[in-house]
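I opened the file to look up a few points in turn. The entries below follow the order in which I checked them.

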Amino acid sequence: MQSWLQAENHQLFSAYTKNWLSAPQPREMLARLRDLFGQRISEVWASLPELYLLIIFTAIFEPSLALLLALMTLFAWMGLADYTRAEFLRSRNQEYVLAARSMVLGDWQIIRSHVLPNSLTPVLAFCHFAWARRFWC
């Protein structure tokens, strides 16, 4: 009876510590909230009608190439931001990032040294096709 009680206590204690250790830490929760807030802002920005804003701004300001490029730049980053976010989230769980975390490197050092160089290649390939589609189609 006593060994059964010890086993039950051990199981409850290990379940409690496992849940406590695997719970998101405050720093991770802040990063999740920041990511969620940024996603909502980009969704609202993406829902703005680009053509109507172009017509309104050309009615208010004098139409020029600079105004057209400024308005295109305001809306052209949406697809690139989604793709870059996906690449960063994908490489967040790669082995080289986990190894850098185990060496107790800072977040910015991991981003600058490991995540950014490995995520930049697919993003640059996407940029070539995105700019070609934007200007020639």
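Entry 1, Asn118. I began with Asn118 and found it partly exposed, because its relative accessible area is 39% and the range for that class runs from 20% to 50%. The model I am reading is a predicted one. I placed Asn118 in helix H6. I then followed its side chain, which reaches the backbone oxygen of His114 at 2.7 Å. I also looked up its separation from Glu87: the two are 31 residues apart in sequence, and their C-alpha atoms are 8.8 Å apart in space.

Entry 2, Ser91. Is Ser91 buried or exposed? I noted a relative accessibility of 1% for Ser91, so it counts as buried, the cut-off being under 20%. Ser91 belongs to helix H4, which covers residues 65–91. A polar atom of the Ser91 side chain lies 3.3 Å from the backbone oxygen of Phe88. Leaving aside residues up to four places away in sequence, I recorded that Ser91 touches Tyr96, Val97, Val115 and Ser119.

Entry 3, aromatic pairs. How many aromatic pairs does the count come to? I obtained two. For Phe57 and Phe61, I read ring centres 5.9 Å apart and planes at 10 degrees, so this pair is stacked, as planes under 30 degrees apart are classed that way. I then checked the exposure of both partners. Phe57 is partly exposed because its relative accessibility is 28%, and Phe61 is likewise partly exposed, at 44%.

I turned next to Tyr83 and Phe126, whose ring centres are 4.7 Å apart and whose planes stand at 20 degrees, so they too are stacked. This pair links distant parts of the chain, since Tyr83 sits in helix H4 and Phe126 in helix H6, 43 residues apart. I found Tyr83 partly exposed at 29% relative accessibility. Phe126 is also partly exposed, with a value of 23%.

Entry 4, the largest pocket. I noted a volume of about 1,200 Å³ for the largest pocket. Its lining comprises 27 residues, and I listed Ala31, Arg34, Arg92, Arg101 and Ile111 as those nearest the centre. Which helix gives the most to the lining of this pocket? I found that H2 does, with nine residues. At least two lining residues come from each of H2 (26–47), H4, H5 (95–102) and H6 (107–136). By residue class, I divided the lining into 12 nonpolar, six polar and nine charged.

Entry 5, the whole chain. I closed with the overall make-up. The secondary structure consists of six helices and zero strands, and from the N terminus on I read the elements as α-α-α-α-α-α. Of the 137 residues in the chain, 12% are buried, and Ser91 is one that counts as buried. I also looked at contacts between residues at least 6 apart in sequence: 62% of these join residues at least 24 apart.

How values were computed: Residues numbered from 1 in each chain as written. Predicted model: local features only at pLDDT ≥ 70, side-chain atom pairs only at ≥ 80, totals over all residues. Heavy atoms only, no water. Helix = DSSP H or I, 4+ residues; strand = E, 2+ residues; numbered from the N terminus. Buried < 20%, exposed > 50% of the residue type's maximum accessible area, 1.4 Å probe, protein only. Polar contact = N/O pair within 3.5 Å; in protein donor to acceptor, adjacent residues only side chain to side chain. Contact = heavy atoms within 4.5 Å. 1 Å grid on protein atoms, 1.4 Å probe; cavity = no way out; pocket = protein on both sides within 12 Å on 5 of 7 lines; lining within 4 Å. Points joined across faces, edges and corners; volume = space filled by probe spheres on them. Nonpolar A, V, L, I, M, F, W, Y, C, P; charged D, E, K, R; others polar. Phe/Tyr/Trp six-rings, centres within 6.5 Å; stacked < 30°, edge-to-face > 60°.
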